[in-house]
Amino acid sequence: MIRAVPTIPYSDQRPGTSGLRKKVRVFQQPNYAENFIQSIFDVIERERAGATLVIGGDGRFLNREVIQIAIRMAAAATFARVVVGQGGILSTPAASHLIRRRGALGGLILSASHNPGGPDEDFGIKYNVANGGPAPDAITDAIYARTKAIDTWYMEEAADIDLDTIGVVQVGGMSVEVVDPVSDYADLMETLFDFDAIRTAKLTMAFDAMSAVTGPYATEILEGRLGFAPGTVRNGTPLPDFGGHHPDPNLVHARALYDTMMGPEAPDFGAASDGDGDRNLIIGRGRFVTPSDSLAMLAANAHLAPGYAGGLKGIARSMPTSAAADCVAAALGIPAYETPTGWKFFGNLLDAGMATICGEESAGTGSNHVREKDGLWAVLLWLNILAVTGKSVDALARDHWARFGRNYYARHDYEGVDSVAADALMCDLRDRLQSLPGTALGALTIAQADDFAYTDPTDGSISANQGVRILFEGGSRAVFRLSGTGTSGATLRVYLERYEPATGNLDADTGAMLAEIAQAADDLAGIRRHTGRAAPDVIT
Ligand code: VG1
Ligand code: CO
């Protein structure tokens with residue numbers, strides 16, 4: 001029996017950089033999750049009959065409840081089959097893989113990624129399409145439009161299913177298949193990387209799963225299939241509140257790992273992943289590798305792994321990501337693409353075979369094996385490269401810089417800023433763009449200033465207003481944009497980059513190398529004047 005439930009629209013269901021993210025309390029309002037899910041189903045109304053839908057999440061607070069709702073609604077929406085991870089668990093890259101493998105129409109990924117979880121923290125819903133990647137703007141815009149008009153949602157009158165037992169059950173006319181969330185994904189990794197070489201190299205490692213979704217995947221692959229010592233995976237059990245921490249693998253929130261890797265007992269390799277398993281933090285013994293550098297180093301060495309032995313078609317990076325990967329692309333004689341922030345912009349390039357490896361400065365790296373960034377994939381590619389070359393992370397980084405030069409890089413985040421003040425700062429900058437070239441700020445001179453706009457080379461779609469770029473003479477850069485994943489106030493992100501050629505100073509302190517640009521960025525944008533903040537909350 002299908003029940004039609006009358007509802008009224010919410011005005012705040014616009015998907016951001018990566019789906020709809022709100023406080024749990026917002027999602028707990030009557031009909032809130034239902035309205036959004038029904039809006040997704042309404043947008044795909046013509047394709048959904050008889051189709052397969054993948055559902056899974058990162059295990060955070062509210063995950064199971066929303067999965068049960070989504071299953072009942074999918075049955076009413078005439079899907080033929082739902083594939084759901086056991087316990088409601090699927091990492092974002094594993095969900096992407098499952099969508100592709102099962103030929104699903106799409107998937108619902110329940111996560112707020114690196115944002116904290118728990119009754120007073122964040123939840124999120126993201127729709128991915130048939131290629132396994134996040135829905136492109138045209139679809140998220142249509143979903144948002146639908147949320148503003150919705151008046152009814154539909155569900156099959158059925159009880160909750162048992163999410164913990166692998167097998168198939170019926171909900172109305174639809175079958176629900178509860179699957180092992182790890183095995184398909186782990187098998188895929190074995191096809192890409194030389195597990196024997198990694199095993200034989202006898203590397204030591206610490207992996208911090210941050211009490212988030214990667215725990216079961218990392219335990220199976222690293223300790224199970226690759227033979228790393230028990231205990232290599234730390235915080236390996238997904239918890240609804242991530243143990244009260246931010247599951248954000250950066251130098252602030254993964255501080256314990258950083259301290260281990262800088263200490264006397266450091267293993268060869270350290271890594272961490274985020275709430276939903278799509279980000280990675282890479283730290284060698286005594287050497288932190290910025291995500292932008294990691295992208296470049298992985299791209300330069302990817303051919304050492306079996307999955308990429310044939311070489312790369314192209315490298316894509318988001319605009320705020322440093323240009324280190326562009327240097328590698330130039331050396332390899334392959335194209336480099338610069339896209340707006342968010343993985344949804346890589347999908348078309350990957351589908352068209354134009355790019356093989358993609359990355360973002362926010363600790364996201366991935367390839368054409370799925371259509372999401374993939375934390376463990378990056379870790380395994382690093383391990384494969386270390387095993388084959390016999391080099392340490394530090395040596396590999398130094399060799400890379402000696403060949404390509406070094407892009408000193410940092411991101412300064414000002415979190416929970418008053419939205420009106422943040423908008424005013426950005427408007428103010430945008431208004432002055434045309435008059436900025438030629439302006440001197442200390443020793444720096446502005447060569448070019450613009451608001452980044454991207455034209456997708458495969459379908460010609462245009463995404464404008466993707467961040468203000470201030471390019472200085474000599475190749476240094478400051479970029480300003482507002483986050484599209486936060487749930488309270490605004491987060492201002494300021495990205496700072498300075499290129500030092502191979503003949504330059506390759507082993508300097510990043511903060512010192514960027515101090516002049518940071519000062520220029522503050523002077524130019526009036527960060528203190530607009531936000532009242534004297535310093536960033538987080539530097540990554
Ligand atoms: C941030 C990152 C972006 C990333 C996005 C989703 O977006 O900057 O690079 O793709 O999070 O990552 P924003 O709009 O807050 O800057 V995840 O791991 O949170 O799904
Ligand atoms: Co994530």
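## Exercises on a predicted model

Asp 278 is buried, at a relative accessible area of 2%. The structure is a predicted model.

**Exercise 1.** Find which residues supply the protein donors of the cobalt ion (ligand 2), and give their spacing in sequence.

*Solution.*
1. Look for protein donor atoms around the cobalt ion (ligand 2). They are Ser 113 (OG), Asp 274 (OD), Asp 276 (OD) and Asp 278 (OD).
2. Read the distances. These donors lie 2.0 to 2.1 Å from the ion.
3. Write the spacing. It is S-x160-D-x1-D-x1-D.
4. Check accessibility for two of the donors. Asp 274 has a relative accessible area of 0% and is buried. Asp 278, at 2%, is buried too.

**Exercise 2.** Count the disulfides, and place Cys 327 and Cys 358.

*Solution.*
1. Recall the bond. A disulfide joins the sulfur atoms of two cysteines covalently.
2. Apply the cut-off. The two sulfur atoms must be within 2.5 Å. The count is 0 disulfides.
3. Test Cys 327. The nearest cysteine sulfur belongs to Cys 358 and is 18 Å away, so Cys 327 is in no disulfide.
4. Test Cys 358. Its nearest cysteine sulfur is that of Cys 327, 18 Å away, and Cys 358 is in no disulfide.
5. Add accessibility. Cys 327 is partly exposed at 23%. Cys 358 is buried at 0%.

**Exercise 3.** Determine how the buried residues of helix α10 are arranged, and what they pack against.

*Solution.*
1. Locate the helix. α10 covers residues 255-262.
2. Pick out the buried residues. They are Leu 257, Tyr 258 and Met 261.
3. Look down the helix axis. The buried residues fall within an arc of 100°, so they line one face of α10.
4. List the partners. The buried residues pack against β10 (205-208), β12 (269-273), β13 (280-284) and β14 (287-289).

Conventions: Residues numbered from 1 in each chain as written. Chains lettered and ligands numbered in written order. Predicted model: local features only at pLDDT ≥ 70, side-chain atom pairs only at ≥ 80, totals over all residues. Heavy atoms only, no water. Donors = N, O, S within 2.8 Å, 3.2 Å for Na, K, Ca; no water. Buried < 20%, exposed > 50% of the residue type's maximum accessible area, 1.4 Å probe, protein only. Helix = DSSP H or I, 4+ residues; strand = E, 2+ residues; numbered from the N terminus. Arc of directions from axis to C-beta. Contact = heavy atoms within 4.5 Å.
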